[in-house]
Amino acid sequence: MDHYDAIIIGAGQGGGPIAGKLAQAGQKVALVERKHVGGTCVNEGCTPTKTMVASARVAYLARRAADYGVQVGDISVDMGVVRQRKRDIVEMFRSGSESGITSKDGLDLIMGEASFTGDKTLNVTLNEGGSRTLSADTIIINTGQRPNIPPIDGLDSVDYLDSTSIMELGEVPDKLVVIGGGYIGLEFGQMFRRFGAEVTLLQRGASVAKHEDDDISNTIVDIFRDDGIEVVLHADATSVRQDDGEIVLSVDVQGEVREVRGSHLLVATGRTPNTDALNLSSTSIEVDRRGYIVTSADLRTNVPGVYAIGDVRGEAAFTHISYDDARLLEKILIDGQQATTTGRLVPYTMFIDPQLARVGLSEQEARERGLPIRVAKMPMTSAARAIEIDETRGLMKAIVHADTERILGCVIFGHEGGEVMSVVQVAMMANLPYTALRDGVFAHPTLTESLNNLFATLD
């Protein structure tokens, strides 16, 4: 048995950084990765999807060129080139991450599948063959998530796509059917519509992006339908079959059974934790009913010396949160300080177009907590910069505490929404009143300048 000071399972955006920090602190560290360094973000998530979103936006703008007085010819999309561009950028990021890990003294990168044999012992089935038995004083689990596949009758008999395989298509689908109206379904649905596919999006619930307020969700649907995407709400896919080269779904829409046909099917119904292969039954580590590892606010499991970070905890599944988990764990394990996730702001951006960016509480969440609030709201049609660049779809919205005047939450659903939202987040981090943004002097003409007008709606 090879003993280490620390073993990290999973070389994602949390596992890689904390492994490097522990090694730099003089510890003997093993980083076990079963597939590829960089985790979901670099290999199947943020990096490849946003690279393809950028290609789709170029196609969208090219088709709108005449609106700006620019004449172009016929627009076509070469998915082979789009795919290769995506692959090249992924490889660049992945190789950079791997070289950063392998260059660290005291850090062993072990490629293989790890499974527990006890609370502090592991067996690693090596990708190159054979196995190793490892133990450590500290173990950090960073195994992330994978696509969740729902139990739809007949699904295993058709060639469906998930969020990873759809990015390897070498052609634009004639008609793409998307099951799921969350992040993944929305981003890919709009992306492939812009590449030239007909798209039907089926959402089981009453609204897409279910964690957003109704006015935001409804605006998404309006924008998608304006883009030519068929959005069907209350749509429960009950069965699927292959028929004469097409994929055919039976869909229950509020009691009415419909038949939906497509050349390709994307299943985008959420994510599930990568804990099933860890053999956690051989340990005392607690998991919830969905298989996520239960931790305290300082990332500890119920087993002393065993921690979990990132998506496998079942909380906000964002790269920046995984990275921040690693930062907190660095304080705890290396600096000997206390650190907690309690009260941490969780910003995020959905890279549909326009971008949907949010930080803090939604209006619904604030009202459910019984907080005294005021709501600032402004359509992007009132933003001068948005008018100038002809990007007026969407809205800005902020939730303000009625007594303290502090900003509780903000949604920027507009062009480059993520960048503008970050300005509001900084104000929230500094505990500034909303009046600081209402009265702030921002460069003209910028989108951020519109925060003056947004918060002036509260006057």
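# A walk through the model, starting at Ser250

Select Ser250 and show its surroundings: leaving aside residues up to four places away in sequence, Ser250 touches Asp236, Ala237, Thr238, Ser239 and Arg258. Keep in mind as you look around that this is a predicted model. Now colour strand E11, residues 246–253, and you will find Ser250 within that strand. Is Ser250 buried or exposed? With a relative accessible area of 18%, Ser250 is buried, because buried means under 20%.

**Next stop: aromatic rings**

Show the side chains of the aromatic residues. How many aromatic pairs does a search of the whole structure find? The search finds six. To read such a pair, look at two things: the distance between the ring centres and the angle between the planes.

Select Tyr183 and Phe318 together. Their ring centres are 6.1 Å apart and their planes meet at 45°, so this pair is tilted. Which parts of the chain does the pair tie together? Tyr183 belongs to helix H5 (residues 183–195), while Phe318 sits in the loop between strand E15 (306–308) and helix H7 (319–333), so the pair joins parts 135 residues apart in sequence. Turn on a surface if you like: Tyr183 is partly exposed, at 29% relative accessible area, whereas Phe318, at 18%, counts as buried.

Keep Phe318 selected and add Tyr348. Here the ring centres lie 5.3 Å apart with the planes at 15°, so the pair is stacked; the angle is under the 30 degrees that stacking calls for. Tyr348 is in strand E16 (residues 348–350) and Phe318 in the loop between E15 and H7, so this pair ties together parts 30 residues apart in sequence. Phe318 and Tyr348 are both buried. Now display Tyr183, Phe318 and Tyr348 at once: ring pairs link these residues into a cluster.

**Charges over rings**

Move to Tyr60 and add Arg194. Arg194 lies over the face of Tyr60, 3.6 Å from the ring centre. Then go to Tyr4 and bring in Lys28, which lies over the face of Tyr4 at 4.9 Å from the ring centre.

**Last stop: Asn218**

Finish by selecting helix H6, residues 214–226, where Asn218 is found. How does Asn218 count in terms of accessibility? Its relative accessibility is 45%, so Asn218 counts as partly exposed. Add Val208 and draw a line between the two C-alpha atoms: Asn218 and Val208 are ten residues apart along the chain, and those atoms are separated by 7.9 Å.

Conventions. Residues numbered from 1 in each chain as written. Predicted model: local features only at pLDDT ≥ 70, side-chain atom pairs only at ≥ 80, totals over all residues. Heavy atoms only, no water. Helix = DSSP H or I, 4+ residues; strand = E, 2+ residues; numbered from the N terminus. Buried < 20%, exposed > 50% of the residue type's maximum accessible area, 1.4 Å probe, protein only. Contact = heavy atoms within 4.5 Å. Phe/Tyr/Trp six-rings, centres within 6.5 Å; stacked < 30°, edge-to-face > 60°. Lys NZ or Arg CZ within 6 Å of the ring centre and 35° of its normal.
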